[in-house]
Amino acid sequence: MTVTPTGTHISGVLHERRRFEPPEQFAARARLHAEQLAALHERARQDYLGFWRELAVSQLNWHKPFSITLDEREAPNYRWFCDGELNVSHECLDVQIIAGRGEKAAIRFEAETGEVRRISYRELYLQVCQLANALKSLGVRAGDRVVIYLPLVPEAIVAMQACARIGAIHSVVFGGFSALALRERIADAGACLVITADGGRRAGQIVQLKAAVDSALAERCESVRNVIVLRHAGNPIPMQADRDLWWQPLCEAQSPRCEPQWVPAEHPLFLLHTSGSTGRPKGIQHSSAGYLLNVKLTCQWVFDLREEDVFWCTADVGWVTGHSYVCYGPLANGATIVMYEGAPTYPDGGRFWKICQDHGVTILYTAPTAIRALMRLGDEIPARYDLSSLRLLGSVGEPINPEAWMWYHRVIGGGRCPIVDTWWQTETGAIMISPVPGVTATKPGSCTLPLPGVFADILDEAGEPVRRPEAGGYLVITKPWPSLARTIWGDNERYLNTYWRRFDGRCYLAGDGAYRDQDGYFWIVGRIDDVLNVSGHRLGTMEIESALVAHVRVAEAAVVGRPHEIKGEGILAFVVCRGARPGDADVDAIAQELRDWVAAQLSPIARPDEIRFADALPKTRSGKIMRRLLRAIGRNEPLTQDVSTLENPGIVAQLRGERAAGTP
Ligand code: WT7
């Protein structure tokens with residue numbers, strides 16, 4: 001049987017009028033006060049380049065100072081601080097130890113089993129140096145790509161930082177991705193080495209990571225010479241003698257010191273694959289200095305991050321949030337982070353709150369989907385834990401519905417913690433639009449205002465700014481910023497087409513629809529392209545469709561999103577099968593098979609909630625699938641589309657499920 005979500009709409013966003021001033025107690029101690037924030041905005045408006053130049057000088061430790069702030073010669077392929085040199089791992093480790101934080105906890109790790117590890121900056125430095133030396137001993141050089149496929153354990157940070165230390169470019173693949181998705185990313189990056197673990201732990205189960213690597217490497221990954229395997233879950237795995245090495249003995253044999261490799265500011269720090277509306281996932285390429293500058297600053301501005309804070313960003317390092325606000329931003333600020341390997345509801349729905357209590361978390365940064373899932377379990381569960389250490393809450397990844405916002409505020413934050421709803425993307429590298437917690441009044445569901453140095457606007461079809469409050473348009477950024485993605489790995493044309501050409505190279509197209517209210521606050525409406533946001537994870541409808549048609553039974557498939565109570569957006573697939581017809585006795589079994597197939601091909605995240613079978617898909621006479629129509633059908637909305645151009649008008653009733661389809 002297929003699970004059919006109830007699909008309530010994200011409610012009330014348009015009519016939300018509640019407003020929360022920064023709590024006085026918070027504002028009094030905040031790093032940024034109203035005057036300082038205003039001064040930053042003013043400075044950025046008056047002298048954009050001077051603004052970024054000063055911050056880059058004061059925030060980063062340059063091995064070789066830069067003289068060029070912004071090189072626009074190849075715009076929109078912008079280059080920032082390009083004649084300077086530094087090393088990102090040096091900023092996150094050596095600089096912190098020199099500042100006296102050697103014995104301070106860099107990471108407080110909790111495994112799903114409950115095991116806790118405290119890792120000081122000095123210990124982290126040692127582990128990073130040893131792995132960096134191990135990578136060098138295996139012939140990894142600056143500019144080489146290393147794929148990291150690990151559970152959310154401290155070694156994932158060690159691996160990323162070790163790459164950064166020697167100038168290797170890491171490409172982290174989320175451990176929830178299948179072997180096929182992994183293979184595609186390894187091949188696209190042309191990686192020379194993969195770092196993985198025997199297995200990961202999730203909800204009491206073992207995720208077979210090494211097995212997935214073996215299967216990925218069986219084809220099309222000739223570039224990979226070695227696999228480093230962390231012993232973690234203890235599950236038995238085969239090792240390939242000429243290729244695989246155990247992490248622990250390999251690292252123990254290495255020198256505890258590794259001089260950082262100084263790299264130019266523009267040297268790629270990492271690639272991270274993300275979904276677009278067409279084609280294969282794109283390898284978003286980030287720089288070293290510009291990226292670090294924005295992630296470091298936003299930790300201070302948005303999270304008010306301070307020496308005594310315990311910062312917990314719940315994201316996996318497989319997503320950009322885990323890069324910017326687990327691995328790089330907090331460590332560049334010398335903060336203590338919390339990492340938790342397992343599921344939020346294991347062994348019960350109190351796990352998140354227990355972690356906040358046990359580790360004294362002061363800043364919690366998580367996703368609306370997690371908030372909604374935990375909210376559903378009731379107020380009694382969080383009430384069992386002491387959450388008084390929390391002082392600031394953050395949200396990211398998708399619009400947060402006012403109901404979840406209010407619950408987060410009242411039940412988790414005890415009414416005293418500001419909420420920062422942070423809008424940004426894999427491509428922006430760091431937070432762009434967000435409240436500054438001691439200054440900005442918040443409204444549930446709005447990410448409020450752009451940060452200093454971020455020039456956001458909303459444009460209409462013709463590229464004119466939309467001035468009328470509440471009128472929607474395309475969200476754009478009109479000036480480049482340091483942590484902007486530099487290109488798509490191996491496909492700069494696609495980079496230019498996707499982000500810059502819509503408005504003649506003048507501004508960055510985010511791919512989101514948005515509007516502003518009377519106060520100029522931004523409200524994100526959702527993607528304007530064929531990208532879904534399922535539990536805060538980006539999925540291209542095309543990717544799911546390709547996975548479906550790769551199944552022998554499937555002739556054609558079209559995938560649309562529709563509101564889902566927990567996941568934000570759920571996945572509905574319309575499928576034309578070879579052999580099977582709507583109404584056949586075994587359609588439920590086939591639907592189940594196809595859902596599992598997509599999960600195995602791509603990731604369990606991509607598993608469709610519902611499959612609807614049809615004899616054909618609605619197409620225009622020119623053969624284009626009418627997605628808007630399918631979306632309306634998926635949402636049970638009245639159809640406003642002109643169906644007269646449909647090649648096969650009779651199909652609509654069937655797609656609506658009026659004639660038997662693949663769901664009960
Ligand atoms: C897309 C980017 C940002 C890191 C995690 C996701 C949506 C992100 C918000 C927010 C409304 C949001 C947008 C954006 N999104 N944050 N606060 N409010 N929508 O990164 O996978 O690159 O996805 O997530 O649609 O375009 P990503």
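**Ligand surroundings and an antiparallel sheet**

A backbone N or O atom of proline 399 lies 3.5 Å from a nitrogen atom of the ligand, a polar contact being a pair of N or O atoms within 3.5 Å. The model is predicted, with local features requiring pLDDT of at least 70 and side-chain atom pairs pLDDT 80 or more, while totals for chains, interfaces and linings use all residues. Residues are numbered from 1 along each chain as its sequence is written, and side-chain values use heavy atoms, without hydrogens and water.

Oxygen atoms of the ligand are approached by polar side-chain atoms of glutamine 425, at 2.9 Å, and of arginine 538, at 2.8 Å. Taken alone, the ligand exposes 550 Å², of which the protein buries 96% (Shrake-Rupley method, 1.4 Å probe). Two or more residues of the surrounding shell come from each of α11 (320-332), β20 (419-422) and β25; helices (H or I, at least four residues) and strands (E, at least two) are DSSP runs numbered from the N terminus. The shell comprises 17 residues, of which Asp421, Thr422, Thr426, Asp512 and Arg538 come nearest (a heavy atom within 4 Å of the ligand).

Strand β25 also belongs to an open, antiparallel sheet of four strands in the order β21-β22-β24-β25, where pairing requires at least two DSSP bridges between two strands. The edges are formed by β21 (456-459) and β25 (522-527), each paired on one side only. Between β21 and β22 (residues 473-477), the antiparallel pairing extends over four bridges, and leucine 459 stands opposite tyrosine 474 of β22.

Terms used:
A polar contact is a pair of N or O atoms within 3.5 Å; within protein, one must be able to donate a hydrogen and the other to accept it, and residues adjacent in sequence count only if both atoms are side-chain atoms.
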